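This report is written for a reader who meets the structure for the first time. It begins with a strand and its surroundings, and then turns to a ligand, a loop and a residue elsewhere in the chain.

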Amino acid sequence: FRTAAVIPAAGRGVRLGPGAPKALRGLGGTPMLIHAVRAMAASRAVRLVVVVAPPEGVTEVKNLIDTHALPERTDYLVVPGGATRQESVGLGVGALPDDISVVLVHDAARPLVPVDTVDAVVEAVRDGALAVVPALPLADTVKEVEPGAKGEQEPVVATPERARLRAVQTPQGFDRDTLARAHAEAAPDGEGATDDAGMVERLGVPVVVVPGHEEAFKVTRPLDLVLAEAVLARRRA
Ligand code: CTP
Ligand code: MG
């Protein structure tokens, strides 16, 4: 069960507003990506971290990781990413050495995921699940709408029963061959797939849920950075 973590970090972070690529922006004085790499390396199971960097930032990311110590047991690779998250993850999976049999896929934009959540995902895959997602119940009620043009009123189509819905996080964990097949068989323009488990579902392979964690939230908009800084400050206190 040699385990690797692929970290897609090649996004621009458009919703966070102007600035450096999101993964390279600071959180408590350290780039978000470094927090994410450390969060994966904190799991004793993870022996290799593959960072998928902005194509023009490969050298910068390598230097960055070199200056922030990882545990002795953890190797890392940096590969250039693609135009979509799906493409970036596919490039990371394509760079995995042959001896890896379990793969975590973890967003650089979820820098604060606790190690217990990472371990729970790894354990579920090692126990035989082909695909595992950490997930939490929703606080908000969710409506399906008929998306309209900007400024237009959108009619509500349906209200799915909230108790049956889960918000999914990363790291998502996979049997390596299952994940590779999902990426090989997915439509090449992957805007449709916002997570990897969704691609595995399309193969007809079962995906199981383990409990997620509030601190595994994704840094997407400016307010998320405020929350992330506060969580970090509380941990350091
Ligand atoms: N990602 C990637 N390659 C892309 C797009 C996204 O590796 N072409 C990564 C991001 O770096 C991030 C993760 O996928 O770690 C989740 O994506 P998201 O939160 O949407 O990040 P961005 O795409 O950077 O943000 P935005 O959509 O606001 O531009
Ligand atoms: Mg995005």
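A residue is called buried here if 20 or more other C-beta atoms lie within 10 Å of its own. The model is a predicted one, and by this criterion strand S1, which runs over residues 3–8, is mostly covered, with 6 of its 6 residues buried. The covering applies to both faces of S1, since Thr 3, Ala 5 and Ile 7 on one side are buried, as are Ala 4, Val 6 and Pro 8 on the other.

Strand S1 pairs with two other strands, and the table sets out these pairings together with the residue that stands opposite Ala 5 in each partner.

| Partner of S1 | Sense and bridges | Residue opposite Ala 5 |
|---|---|---|
| S4 (residues 46–53) | parallel, 6 bridges | Val 49 |
| S6 (residues 102–105) | parallel, 4 bridges | Leu 104 |

Ile 7 of strand S1 also belongs to the largest nonpolar core, which has 60 residues and in which Ile 7, Leu 33, Met 40 and Val 51 touch the most other members. The largest share of this core, 8 residues, is contributed by helix H1, which spans residues 32–41. Which residues does Ile 7 touch, if those up to four places away in sequence are not counted? The contacts of Ile 7 are Ala 36, Val 37, Met 40, Val 49, Val 50, Val 51, Val 52, His 106 and Ala 108.

Pro 8, one of the buried residues of S1, is also among those that come nearest to ligand 1, together with Gly 11, Val 14, Arg 15 and Ser 88, out of 22 residues around this ligand. The shell around ligand 1 is made up of 9 nonpolar, 7 polar and 6 charged residues.

Another proline deserves a separate look. Most peptide bonds are trans. The peptide bond from Thr 170 to Pro 171, however, is cis, with omega near 10°. Pro 171 lies in the loop between strand S10 (166–168) and strand S11 (172–175).

The last residue considered is Thr 30, which is found in strand S3, residues 30–31. Is Thr 30 buried, exposed or partly exposed? Thr 30 counts as partly exposed because it has 14 C-beta neighbours inside 10 Å, a count that lies between the limit of 12 or fewer for exposed residues and that of 20 or more for buried ones. Thr 30 and Leu 64 are 34 residues apart in sequence, while their C-alpha atoms are 9.9 Å apart in space.

Notes. Residues are numbered from 1 along each chain as its sequence is written. Chains are lettered from A and ligands numbered from 1 in the order in which they are written. This is a predicted model: local features need pLDDT of at least 70, side-chain atom pairs count only at pLDDT 80 or more; totals for chains, interfaces and linings use all residues. A nonpolar core is a set of buried Ala, Val, Leu, Ile, Met, Phe, Trp, Tyr and Cys residues joined through C-beta atoms within 7 Å. Helices (H or I, at least four residues) and strands (E, at least two) are DSSP runs, numbered from the N terminus. Two residues are in contact if their C-beta atoms, placed from the backbone, lie within 7 Å. Two strands pair if DSSP finds at least two bridges between them. A residue is near a molecule or strand if its C-beta atom, placed from the backbone, lies within 6 Å of it. Ala, Val, Leu, Ile, Met, Phe, Trp, Tyr, Cys and Pro count as nonpolar, Asp, Glu, Lys and Arg as charged, and the others, Gly among them, as polar.
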